[in-house]
Every structure is written in structure tokens, then in C-alpha cells.
Amino acid sequence: MLRIGVLVSGGGTNLQAILDAIDEKIITNTEVAVVISNNQGAYALERAKSHGIAAECVSPKSFASREAFNEALISRVDAYGLDLIVLAGFLVKIPEAMIAKYRNKIINIHPSLIPSFCGVGYYGLKVHEAALARGVKLTGATVHYVDEGMDSGPIILQKAVEVKEGDTPQTLQRRVMEEAEWKILPQAIQMIANGGEA
């Protein structure tokens with residue numbers, strides 16, 4: 001049984017996609033042991049509680065320094081004996097000590113086809129704004145392992161999504177979530193849970 005922890009900052013739509021996939025047996029041999037958010041008001045924490053999953057907030061604002069926050073985050077993650085950490089819209093830089101400790105055990109979902117529109121400053125609607133400004137015809141989502149760089153780890157899965165005439169950043173974001181993110185994130189977890197390497 002793969003024990004996963006999901007780290008989130010906001011509404012938790014990708015978390016919901018994971019929970020639904022487990023309920024529907026699209027993901028097997030997997031349990032969500034904890035959901036951790038850096039944001040006390042994150043709706044994702046409510047989603048976790050309503051599923052009977054431990055939900056915790058570890059906020060950088062509660063600590064005197066980033067080092068103290070990093071130590072606290074790692075210690076909370078360690079407490080759950082996790083096999084895989086899933087970053088599902090977690091807008092905090094992962095401490096290097098945590099990346100080293102959980103090498104090839106942290107995955108992230110990013111709302112573009114890496115290497116396009118990724119790295120520092122590319123998150124949320126900013127990714128879709130940049131894609132539309134550039135005039136790309138295809139965008140999508142990528143699940144990748146997390147390394148010390150920003151969106152630079154080995155790619156596990158990608159799925160392309162068509163950019164349509166008249167798209168706004170909001171409509172494009174929604175289509176990328178529905179057609180790509182909510183499909184390939186559960187698929188990547190299923191691959192890891194049942195085949196070792198993705």
C-alpha cells in the first residue's frame with residue numbers, strides 16, 4: 001500500500017481528482033495519509049477532513065525563519081511515514097533537505113508542457129496568461145519528479161490540450177485541469193503505486 005501525502009495551497013481540485021480516483025478504483029494500492037497546506041484557509045483541508053484524512057497547516061508565517069519552517073515541514077511529513085509526496089498546487093519552495101531525503105519520492109503537477117512556461121514565476125493563471133500571450137496552439141500539463149531546480153525534474157507524464165479561439169486565462173486553466181491535470185496526476189500515482197517507477 002502506497003502511503004501518500006498531498007501538499008496543497010488552495011482549493012484542492014487536484015486533491016479531489018486523486019480522492020475521486022481512489023474511490024473509483026482508478027488508483028489502487030494507495031491511501032492518502034495526510035494533506036498538508038501552508039494556508040490555514042485552504043479549502044483542500046476541508047476536502048481532506050470530509051474524507052477522514054488527517055489535515056494539517058504548516059505556514060511559513062508561523063515561524064521566525066524560513067529554516068524553522070523548513071524543519072517543521074519536514075518533521076510533519078516524516079511523522080506520516082510517506083512513500084510518496086504529491087505537490088498539488090503547493091506554492092512554497094520545497095526545502096533542499098526534504099528533496100534529498102525523499103529523492104524520487106516527490107512529484108509535482110504543472111499546468112504546461114514543460115519545458116514551456118515553467119520555472120520561477122510560472123504558477124496558476126500566470127502560466128495560462130503566458131501561453132495565450134505567446135500564441136501557442138497547444139498547452140497542457142506535466143507530472144514530474146521534483147529536484148532542486150524549479151520544474152526541472154524528470155518528466156513522468158504529459159498531456160496536451162488545445163488552445164481555442166477566444167480562450168481567456170480562466171477558460172484555458174479550467175480546460176487544462178479537466179482534460180489534463182485531473183487525468184495524468186492520478187495516472188502517475190497509479191503507475192508508481194503498482195509498478196515502482198513511473
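1. Let's start with the running order. From the N terminus on, the elements of the chain follow the pattern β-α-β-α-β-α-β-α-β-α-β-β-α. That comes to six helices and seven strands. Please keep in mind as you read that this is a predicted model.

2. Next, the overall build. The chain has 198 residues and a radius of gyration of 16 Å, which agrees with the value near 16 Å that a compact globule would have. Along the principal axes, the C-alpha atoms fill a box of roughly 50 × 40 × 30 Å. Of the 198 residues, 48% count as buried. The accessible surface comes to about 9300 Å², and carbon and sulfur atoms hold 50% of that.

3. How do parts of the chain that lie apart in sequence meet? Among the contacts with a separation of 6 or more, 63% are between residues 24 or more positions apart.

4. Now look for the sheet. It is an open sheet of seven strands in the order β3-β2-β1-β4-β5-β6-β7, and its pairing is mixed. Strands β3 (54–57) and β7 stand at the edges with a single partner strand each, so one side of each is left without a neighbour in the sheet. On average, neighbouring strands are turned by 20° against each other, direction ignored.

5. You can follow the mixed pairing strand by strand. Strand β4 (residues 84–87) pairs with β5 in the parallel sense, over three bridges. To find this pair on your screen, look for Ile-85, which stands opposite Ile-106 in β5.

6. One step along, the sense changes: β5 (residues 106–110) and β6 pair in the antiparallel sense over four bridges. Here Asn-108 stands opposite His-144 in β6. On to the next pair: β6 and strand β7 (residues 155–162) run antiparallel and are joined by seven bridges. Thr-142 has Gln-158 in β7 as its bridge partner.

7. Is strand β6 mostly covered or mostly open? Strand β6 (residues 138–145) is mostly covered, with seven of its eight residues buried.

8. Helix α5 (residues 125–134) deserves a careful look. Which of its residues are buried? They are Val-127, His-128, Ala-130 and Ala-131. Seen down the axis of α5, these buried residues fall within an arc of 160°, so they line one face of the helix. The buried residues pack against β5, β6 and α6 (169–195). Try turning the model until you look down the helix, and see which residues point the same way.

9. Let's pick out one residue of that helix. His-128 lies in α5 and has a relative accessible area of 0%. Why does His-128 count as buried? Buried means under 20% relative accessible area, and the 0% of His-128 falls under that cut-off, so His-128 is buried.

10. What does His-128 touch, leaving aside its neighbours within four places in sequence? His-128 is in contact with Pro-111, Pro-169, Leu-172, Gln-173 and Val-176. Helix α6 covers residues 169–195, so you can check on the structure which of these partners belong to that helix.

11. A last detail for the end of the helix: α5 is followed by Gly-135. The phi of Gly-135 is positive, near 80°.

Methods: Residues are numbered from 1 along each chain as its sequence is written. This is a predicted model: local features need pLDDT of at least 70, side-chain atom pairs count only at pLDDT 80 or more; totals for chains, interfaces and linings use all residues. Side-chain values use heavy atoms; hydrogens and water are left out. Buried means under 20% relative accessible area, exposed over 50%, partly exposed in between (1.4 Å probe, protein chains only). Helices (H or I, at least four residues) and strands (E, at least two) are DSSP runs, numbered from the N terminus. Two strands pair if DSSP finds at least two bridges between them. The arc is that of the directions from the helix axis to the C-beta atoms. Contact means heavy atoms within 4.5 Å. The radius of gyration is taken over C-alpha atoms; the globule rule is 2.2 Å times the number of residues to the power 0.38. Accessible areas come from the Shrake-Rupley method with a 1.4 Å probe; for residues, only the protein chains shown count as cover. Axes are lines fitted to C-alpha atoms, for helices over the stretch in contact, and angles run from 0 to 180 degrees between N-to-C directions.
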